[in-house]
Amino acid sequence: MIVIREVSPLLPEAACLLDELSAELERNTGRDGRGSFSLTDVMSPRSVFVVAYDGETPVGCGALRPVNDNICEVKRM
């Protein structure tokens, strides 16, 4: 069963997933996407960083970053 948990983007499993995403983006697009994402974006008030776990194995991550009072941006899927 997949469980999604709000976690710190500083956790080792989050860093690993972010590195895997950057490597995949680099292979597919020629750019790793790191320039359009900062950990501080998802550590600010009203933001959230989540990791999906299959049992205890981290299998994906994502984040919501507020743009203004009514809009948020989905990051790092």
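The points below go through the fold, the core, the cysteines and a few individual residues of this structure.

1. Model and confidence. The coordinates come from a predicted model, and the remarks here should be read in that light. The mean pLDDT of the protein chain is 92, with 100% of its residues reaching 70 or more. When confidence is taken by element, β1 has the highest mean, at 97, while β4 has the lowest, at 91.

2. Sheet layout. The chain contributes 4 strands to an open sheet, whose order is β1-β2-β3-β4 and whose pairing is antiparallel. At the edges stand β1 (2-6) and β4 (72-75), each of which pairs on one side only. From one strand to the next the twist averages 25°.

3. Pairing of β1 with β2. These two strands are antiparallel and are held in register by 5 bridges, and within this pair Glu6 stands opposite Val50 in β2. Val3 also belongs to strand β1, and it touches Val51, Ala52 and Tyr53 when residues up to four places away in sequence are not counted. The C-alpha atoms of Val3 and Val50 are 10.0 Å apart in space, although 47 residues separate them in sequence. As for solvent, Val3 has a relative accessible area of 29% and is therefore classed as partly exposed, the range for that class lying between 20% and 50%.

4. Pairing of β2 with β3. Here the antiparallel pairing extends over 7 bridges, and Asp54 is found opposite Thr57 in β3. The two strands form a hairpin with 2 residues between them, and Gly55, which sits in the turn, has a positive phi of about 70°.

5. Pairing of β3 with β4. Strand β3 (residues 57-66) is joined to β4 by 4 bridges, again in the antiparallel sense. Two of the partnerships can be named: Ala63 has Lys75 as its bridge partner in β4, and Arg65 has Glu73. This pair also forms a hairpin, with 5 residues between the strands.

6. Helix against sheet. Helix α1 (residues 12-29) packs on the sheet, where it touches β2 (48-54) and β3, and its direction makes about 85° with that of β3. Ser22 lies in this helix and, not counting residues up to four places away in sequence, it touches Asp32, Arg34 and Arg76. Is Ser22 buried or exposed? Its relative accessibility is 3%, and because the limit for a buried residue is under 20%, Ser22 counts as buried.

7. Nonpolar core. The largest nonpolar core has 11 residues, namely Val7, Ala14, Leu17, Leu18, Phe37, Val42, Phe49, Val51, Tyr53, Cys61 and Ala63. The elements giving two or more residues to this core are α1, β2 and β3. As a general tendency, nonpolar side chains in soluble globular proteins are buried together.

8. Cys61. This core member is buried, with a relative accessible area of 12%. Leaving aside residues up to four places away in sequence, Cys61 touches Leu17, Leu18, Phe49, Val50, Val51, Arg76 and Met77.

9. Disulfides. How many disulfides are there in the model? The count comes to 0. Cys61 takes part in no disulfide, and the nearest cysteine sulfur, which belongs to Cys16, is 9.8 Å away. Why is Cys72 without a bond to another cysteine? The closest cysteine sulfur to that of Cys72 is in Cys61, at 16 Å, and this is too far for a bond, because a disulfide requires the two sulfur atoms to be within 2.5 Å. In contrast to the buried Cys61, Cys72 counts as partly exposed, at 44% relative accessibility.

10. A backbone angle to check. Arg46 has a phi near 70°, which is a positive value in a residue other than glycine. The point deserves mention because most residues other than glycine have a negative phi. Arg46 is placed in the loop between α1 and β2, and, with a relative accessible area of 57%, it is exposed.

Key: Residues are numbered from 1 along each chain as its sequence is written. This is a predicted model: local features need pLDDT of at least 70, side-chain atom pairs count only at pLDDT 80 or more; totals for chains, interfaces and linings use all residues. Side-chain values use heavy atoms; hydrogens and water are left out. Two strands pair if DSSP finds at least two bridges between them. Axes are lines fitted to C-alpha atoms, for helices over the stretch in contact, and angles run from 0 to 180 degrees between N-to-C directions. Contact means heavy atoms within 4.5 Å. pLDDT is the predictor's confidence in each residue, from 0 to 100. A nonpolar core is a set of buried Ala, Val, Leu, Ile, Met, Phe, Trp, Tyr and Cys residues joined through side-chain atoms within 4.5 Å. Buried means under 20% relative accessible area, exposed over 50%, partly exposed in between (1.4 Å probe, protein chains only).
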